[in-house]
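Visitor: I should like to learn how to read the domains and interfaces of a model such as this one. Could you take me through them in turn?

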Protein chains: 2
Amino acid sequence: MKKYRDLNRLFVVEGVKLVNELFEQSAFKIDAVFHTPSFEGAIPGSVHTFQITESELERISGLKNPNKVLAVVKYPAPVTIDYMENNLVLLLDRVNDPGNLGTIIRTADWFGIRQVIASPSTVDLFNPKVIQSSMGAVYRIQYHREDLVETCQQLQANDFQLMGADLGGKNLYEVDFPAKTGLIMGSESHGISDELQKLIDLSITIPQFGQTESLNVAMASGIILSHYKRNG
Amino acid sequence: MKKYRDLNRLFVVEGVKLVNELFEQSAFKIDAVFHTPSFEGAIPGSVHTFQITESELERISGLKNPNKVLAVVKYPAPVTIDYMENNLVLLLDRVNDPGNLGTIIRTADWFGIRQVIASPSTVDLFNPKVIQSSMGAVYRIQYHREDLVETCQQLQANDFQLMGADLGGKNLYEVDFPAKTGLIMGSESHGISDELQKLIDLSITIPQFGQTESLNVAMASGIILSHYKRNG
């Protein structure tokens, strides 16, 4: 599916709430909207629009319960990373569950994080499950797919310090976040890759009080961001 | 499915990691284990054991990718809630996504929370998706399904103060948690029910810095618990 998305540089957004939010964005150009007669959203005049039946929508929808409307959207133009604009950049190394990526983006947006940079091996942002679980935050976050080793070196050259979340680092509750922080979150099963580990200035750990071996990567990201905002 | 689980008071645990952890528990009695020839776990001698083929396992498994073993387990005996033993009791009001419930239990266990009490309308603990996403924490947490209004009144009679997470409360970062806290988390779409709202001593809110309208209930639970532990 990703192959076809990349080939056509088009992805799909579904459901009344997400599509209505899409209409309010300027960064995303809509190629076409397919909707059932009961859809009441304000479709921009310039958009190709097709009224279809419920059963036609069921055939083209990827949702278990299709919800009145499906939009086909053009990939946004790549944005240059402006390091100067940000105090915390979130770096995702090989996160491979789409629900986790969507939840991370939703939570990053809640905490006002502007830029998320993911390794090319991270699950595709335009995966429909990512879009759905982000609850629209994909429209607001600047998301990049870049080689993370290069990105980390650039961040360090721009006075960022790199923090990595793992199980043997400094207690999160005692961390003073530097003025410019690159926060690296590793994959669900393998953590942060060796090449990135070498670049990390400080490893941090969410203190553990019980016996569960690990936290979900989305959960860990949200917890760290909340303490970053509390300190900042 | 819940109907049959309740009728027989049996539920299913799947996969090498979760079943091996199950073998180390004493609170859960195993009714039977079905495994393929390649399963190498140490099945307790007293357990009815059946070797089956990969394709037989596929037929009885609820997983997309069955993983060598499936155990049928008896419901644990109900445990009396010992309020005195706990400083924070987590109360879940109508949480209805099994992935959210499993993640909440996994995260509660990480933070050493012993007791989770859910409204009868919360998704069933023995739902296979809850078991899987809890990563084995269901074995360690004491979980109760109780009427929450009664439970909250009992907690208050035992010197607990009730905190409720919503969007218009006191800034989490400025909250002093009382010595005994009952933390109420509401449903994904409807929040905390009106009857419970009336009992709450203090509403708390995770500060919002961006435009996303809400956090996932599991994420919000984990963030609040992490700040509770930081203060405590």
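Guide: Let us begin with domains, whose bounds come from an automatic or database domain assignment. For chain A, that assignment gives domain 1 (2–74) and domain 2 (83–231). This is a predicted model, in which local features need pLDDT of at least 70 and side-chain atom pairs count only at pLDDT 80 or more, while totals for chains, interfaces and linings use all residues. Residues are numbered from 1 along each chain as its sequence is written, chains are lettered from A and ligands numbered from 1 in the order in which they are written, and side-chain values use heavy atoms, with hydrogens and water left out.

Visitor: How many residues of each domain of chain A take part in the contact?

Guide: Contact means heavy atoms within 4.5 Å. The C-alpha centres of domain 1 and domain 2 of chain A are 30 Å apart. In their contact, 12 residues come from domain 1 of chain A and 12 residues from domain 2 of chain A.

Visitor: What area is buried between domain 1 and domain 2 of chain A?

Guide: Buried area is the accessible area (1.4 Å probe) that two parts lose on being put together, summed over both. Between domain 1 and domain 2 of chain A this amounts to about 1,100 Å², and carbon and sulfur atoms give 60% of that area.

Visitor: Which charged pairs and elements should I examine there?

Guide: A salt bridge places a side-chain nitrogen of Lys or Arg within 4 Å of a carboxyl oxygen of Asp or Glu. The rule finds 2 salt bridges across the interface of domain 1 and domain 2 of chain A. Arg140(A) forms a salt bridge with Glu21(A), with 3.2 Å between the closest N and O atoms. As for elements, helices (H or I, at least four residues) and strands (E, at least two) are DSSP runs, numbered from the N terminus. On the side of domain 1 of chain A that touches domain 2 of chain A, at least two residues each come from helix H1 (2–8), strand E1 (10–14) and helix H2 (16–23) of chain A. The largest share of that side, 4 residues, is supplied by E1(A).

Visitor: By what turn can chain A be laid on chain B?

Guide: Copies are superposed by least squares on the C-alpha atoms of residues with pLDDT of at least 70 in both. A turn of 180° with a shift of 0.0 Å along the axis lays chain A on chain B with an RMSD of 0.0 Å. The two copies are therefore related as by a two-fold rotation axis. Of the residues of chain A, Ile223(A) comes closest to that axis, its C-alpha being at 2.5 Å.

Visitor: Why do the copies meet through the same surface?

Guide: They do so because 100% of the interface residues of chain A are also interface residues in chain B. The contact takes 33 residues from chain A and 33 residues from chain B. Together the two chains bury about 3,200 Å², 59% of it on carbon and sulfur atoms.

Visitor: Which residue of chain A forms a salt bridge with Lys17(B)?

Guide: The partner is Glu213(A), and the closest N and O atoms are 3.5 Å apart. On the side of chain A that touches chain B, H2, helix H4 (98–110) and helix H8 (217–231) of chain A each give two or more residues. H8(A) provides the largest share of that side, 9 residues. Lys17(B) also forms a salt bridge with Glu21(B), at 3.4 Å between the closest N and O atoms. Because Lys17(B) and Glu21(B) are 4 residues apart in helix H2 (residues 16–23) of chain B, about one helical turn separates them.
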